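The following exercises ask the reader to work through a single protein chain, helix by helix and pocket by pocket. Each task is followed by a solution in steps.

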Amino acid sequence: MSILLMLLVALLLRSTALSVLGARGVVIDVLAFATVAWSLRYGETSGTLLGFTIGLLADLDDGHWLGRHALVLALLGYAIGRLSHTLVRERTRTHLVVLAIATAVHQTWCTAFDLTGVAGWPYLLQRVALSVAVTAPLGALLIALARRLYGRPLFPHGPLGAGTTG
């Protein structure tokens, strides 16, 4: 149930409020944020599933290359989920770095499909830099606020599996 809520909220934000900012050049990568947060909390299997599902739904919403978002978000979900077993998941600096890397990878992959030659590289670099500069600090701040409001660690330490409540 919570995975459906995360998918719904992320996709609604992306296609409503954040699309207005995107038209002005400010890209907040809510898809990468949702994949990172989910992967850090639930590990590689759930991170891959959420990344693929949210990416596929975003591809269907955009009406372009099917699988463009799904592939990169599934791979990011898997990689971050695998790393989540060894990362200090409750540190804001960790969230900042992981969100910056995930946003840069996602935006680079997706924007590269829209380019037609080397002439578009300055646009690609500007878009990726701006989205990393906006998404990573905002995402780390949101996670810190959620942790403070929740009152407990959001990302339990140790491997998730049988016997843990995650």
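**Exercise 1. Classify His 95 as buried or exposed, and describe its surroundings.**

Solution. The model is a predicted one.

Step 1. The relative accessibility of His 95 is 1%. Buried means under 20%, so His 95 counts as buried.

Step 2. His 95 belongs to helix α6.

Step 3. Once neighbours within four places in sequence are set aside, His 95 has contacts with Leu 40, Arg 89, Glu 90, Ala 140, Ile 143, Arg 147 and Phe 155.

Step 4. One of these partners, Ala 140, is 45 residues away along the chain, yet the two C-alpha atoms are separated by 5.5 Å. Ala 140, Ile 143 and Arg 147 are themselves among the buried residues of α7.

**Exercise 2. Determine whether the length of α6 agrees with the expected span, and state what covers its buried residues.**

Solution.

Step 1. Helix α6 has 21 residues, which should span 30 Å at 1.5 Å a residue.

Step 2. The end C-alpha atoms of α6 are 30 Å apart, so the span agrees with the expectation.

Step 3. The buried residues of α6 are Thr 94, His 95, Val 98, Leu 99, Ala 102, Thr 103, His 106, Gln 107, Cys 110 and Thr 111.

Step 4. The elements that cover these residues include α3, α5 and α7.

**Exercise 3. Carry out the corresponding analysis for α7.**

Solution.

Step 1. Helix α7 has 30 residues and reaches 42 Å between its first and last C-alpha atoms, close to the 44 Å expected at 1.5 Å a residue.

Step 2. The buried residues of α7 are Leu 124, Val 128, Ser 131, Val 132, Thr 135, Ala 136, Gly 139, Ala 140, Ile 143 and Arg 147. They pack against α3 and α6.

Step 3. Just after α7, Gly 151 adopts a positive phi of about 80 degrees.

**Exercise 4. Explain why the buried residues of α1 can be said to line one face of the helix.**

Solution.

Step 1. Helix α1 contains 14 residues and reaches 20 Å from first to last C-alpha, close to the expected 20 Å.

Step 2. Leu 7, Ala 10 and Leu 11 are buried in α1. Viewed down the axis of α1, the buried residues fall within an arc of 95 degrees, so they line one face of the helix.

Step 3. The buried residues of α1 pack against α3 and α4.

**Exercise 5. Compare the accessibility class of Thr 35 with that of Ala 79.**

Solution.

Step 1. Thr 35 lies in helix α3. At 1% relative accessibility, Thr 35 is buried.

Step 2. Beyond residues up to four places away in sequence, Thr 35 touches Gly 47, Leu 50, Gly 51, Ile 54, Leu 73, Leu 76 and Gly 77.

Step 3. Ala 79 lies in helix α5. At 35% relative accessibility, Ala 79 is partly exposed, a class that runs between the cut-offs of 20% and 50%.

**Exercise 6. Describe the largest pocket and its lining.**

Solution.

Step 1. The largest pocket holds about 630 Å³ of space.

Step 2. Its lining consists of 25 residues, and those nearest the centre are Met 6, Phe 33, Ala 34, Ala 37 and Ile 143.

Step 3. Helices α1, α3 and α7 each contribute at least two residues to this lining.

Step 4. Sorted by class, the lining has 20 nonpolar, three polar and two charged residues.

**Exercise 7. Describe the second largest pocket, and place Val 27 in relation to it.**

Solution.

Step 1. The second largest pocket holds about 410 Å³ of space.

Step 2. It is lined by 22 residues, with Arg 14, Val 27, His 69, Gln 107 and Arg 127 nearest its centre.

Step 3. Helices α1, α2, α3, α5, α6 and α7 each supply at least two lining residues. The largest share, four residues, comes from α6.

Step 4. By class, this lining has eight nonpolar, eight polar and six charged residues.

Step 5. Val 27 is situated in the loop between α2 and α3. Its relative accessible area is 11%, so Val 27 is buried.

Step 6. Apart from residues up to four places away in sequence, Val 27 touches Gln 107, Arg 127, Ser 131, Val 134 and Thr 135. The C-alpha atoms of Val 27 and Leu 130 are separated by 7.1 Å, although their positions lie 103 residues apart along the chain.

Key
Residues are numbered from 1 along each chain as its sequence is written. This is a predicted model: local features need pLDDT of at least 70, side-chain atom pairs count only at pLDDT 80 or more; totals for chains, interfaces and linings use all residues. Side-chain values use heavy atoms; hydrogens and water are left out. On a 1 Å grid over the protein atoms alone, a cavity is a set of points where a 1.4 Å probe fits but cannot get out, and a pocket is an open set with protein on both sides within 12 Å along at least five of seven lines; lining residues have an atom within 4 Å of a point. Grid points are joined across faces, edges and corners, and a volume is the space filled by probe spheres set on the points. Ala, Val, Leu, Ile, Met, Phe, Trp, Tyr, Cys and Pro count as nonpolar, Asp, Glu, Lys and Arg as charged, and the others, Gly among them, as polar. The expected span of a helix is 1.5 Å times one less than its number of residues. Buried means under 20% relative accessible area, exposed over 50%, partly exposed in between (1.4 Å probe, protein chains only). The arc is that of the directions from the helix axis to the C-beta atoms. Contact means heavy atoms within 4.5 Å.
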